[in-house]
Amino acid sequence: MTKKFLHSIPIFSLMGKRILILGAGFGGLAAATELRKNLSLDHRVIIVDRKKSFMMGLVKLWVLEGSRNLQESLTPLDGLNAKRIEYLNDEVTKIEIAQSRVQARDHGWIEYDYLIVALGAELAPDRIAGFVGRGYNLYDAQQVPKLRDRLLQLERGKVAIAIMGMPYKCPPAPYEASLIIDSMLSRQGTRNNIEIDIYAPAPIAMPVAGPQVSANVVEIISQRGISFHSSHKLKSVTDDTLEFENGSKADYDVLVGIPPHRVPEVVRSAGLIAAEGNSNWVAIDRNTMKTRFKNVFAVGDVTEIKVGAMALPKAGIFAEEQAKVAARQIIDEISGRPAVAAFAGQGYCFMEMGNGRAGYLEADFFNPAGPAVRLEAPSEQNFQKKQDFERIRVKEWLL
Ligand SMILES: Cc1cc2nc3c(=O)[nH]c(=O)nc-3n(C[C@H](O)[C@H](O)[C@H](O)COP(=O)(O)OP(=O)(O)OC[C@H]3O[C@@H](n4cnc5c(N)ncnc54)[C@H](O)[C@@H]3O)c2cc1C
């Protein structure tokens, strides 16, 4: 399979460069699209992912809310081939930077001239004793429909939403989920008999967004009768009780968890995490997305960019912007032009409030006076923009 694939290319393409992208998520797809749009077909753009389809993380909240069906939200990745991006449905098993090659389970060794690592963050729900089998993982697409069914069956009791580790993808997502669950239960007529509690490990709701936005978020959820418990890091779960590291306990009927995240093992064993420093993620130049290895870039959730005491949040909008910068760096280098593209640390997202409304969060993390984040009041227009956000990207990347 590998040999056939690698030898089926026309001879002239051997003069071109081979750019290998690991991961066809938010970052990988944005990088592949930018490269293919700007490089001639002499240059190969190859992307590897163990998944056969793509779905944006934010769609999980629409599946929870019931406005989207999981199966209809998956877009096949083999649409990439029609765009002259070579998609390999395979598992990356080894990255050998010294040899400029990557091993994939079925395709064997794949050599590269440039590598973009966009393998994202792995979920580790097993790190919380007793969670697996008792709690619903909000970030696992397969579990969200089951969570929805369970919530709709609940007539009275307690729904606990626990952020089980930091950092986690999309800091507003647990709060968005709480507001969506509130509106679902209200429509169901059971909300008055059901408590909703959010347990977070940090002293404020979204440390990365700062105290003001965190206070705004707590005010929004409080107005909807949702209780926020700061400095409550979940330690263990039994059939009816949550135990926290601060010694307190709480009972629950339905547990919704945002699991701890970790860097994929294949990335760690490649030596992409600097031995010095105290990060568990891939360190990159914050402007160019270059790792400390020549011709190796990393983008998105697999990376960490420190901004003061904080790190840039793990979010698709940043993965996308970083991917475009990495791609432009490679395009300029191949084209013999000085590389000028730089990541600006700016991004935005739409914070869902349920009932077809969303707020707008805008952030400038490289602001010289310190990270600046603001939250705009919810509106139906913002919710429409969130839907467009997904539709436009899926169309550009895959259809
Ligand atoms: C509920 C929820 C809501 C969200 N809402 C938003 C939002 O509103 N706005 C926003 O900007 N972001 C949002 N996000 C965050 C966003 O989804 C992520 O930050 C983004 O997907 C990160 O992109 P990435 O390319 O780094 O990683 P990913 O998109 O996770 O892609 C990584 C890819 O690598 C593949 N992979 C991993 N390991 C291997 C391997 N060994 N072999 C082969 N393939 C492998 C995976 O299959 C995956 O496709 C949300 C996330 C969630 C869960």
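This report describes salt bridges in a predicted model.

Residues are numbered from 1 along each chain as its sequence is written, and side-chain values use heavy atoms, with hydrogens and water left out. Because the model is predicted, local features need pLDDT of at least 70 and side-chain atom pairs count only at pLDDT 80 or more, while totals for chains, interfaces and linings use all residues.

Side chains of opposite charge can pair when their charged atoms come close. A salt bridge is taken here as a side-chain nitrogen of Lys or Arg within 4 Å of a carboxyl oxygen of Asp or Glu. The count under this rule is 23 salt bridges. Three of these pairs are listed below with their N to O distances.

| Basic residue | Acidic residue | N to O distance |
|---|---|---|
| Arginine 44 | Glutamate 86 | 2.6 Å |
| Arginine 191 | Aspartate 182 | 2.6 Å |
| Lysine 306 | Glutamate 304 | 3.2 Å |

The pair of arginine 44 and glutamate 86 links distant parts of the chain, 42 residues apart. Arginine 44 belongs to strand β2 (residues 44-49) and glutamate 86 to strand β5 (residues 86-89); strands are DSSP runs (E, at least two residues), numbered from the N terminus.

Burial is judged by relative accessible area (buried under 20%, exposed over 50%, partly exposed in between; 1.4 Å probe, protein chains only). Arginine 44 is buried at 4%, and glutamate 86 is buried at 17%. In the second pair, arginine 191 is buried at 12% and aspartate 182 is buried at 6%. In the third, lysine 306 is partly exposed at 42%, whereas glutamate 304 is buried at 18%.

Salt bridges also join Glu320, Glu321, Lys324 and Arg393 in a network.

Terms used: Helix = DSSP H or I, 4+ residues; strand = E, 2+ residues; numbered from the N terminus.
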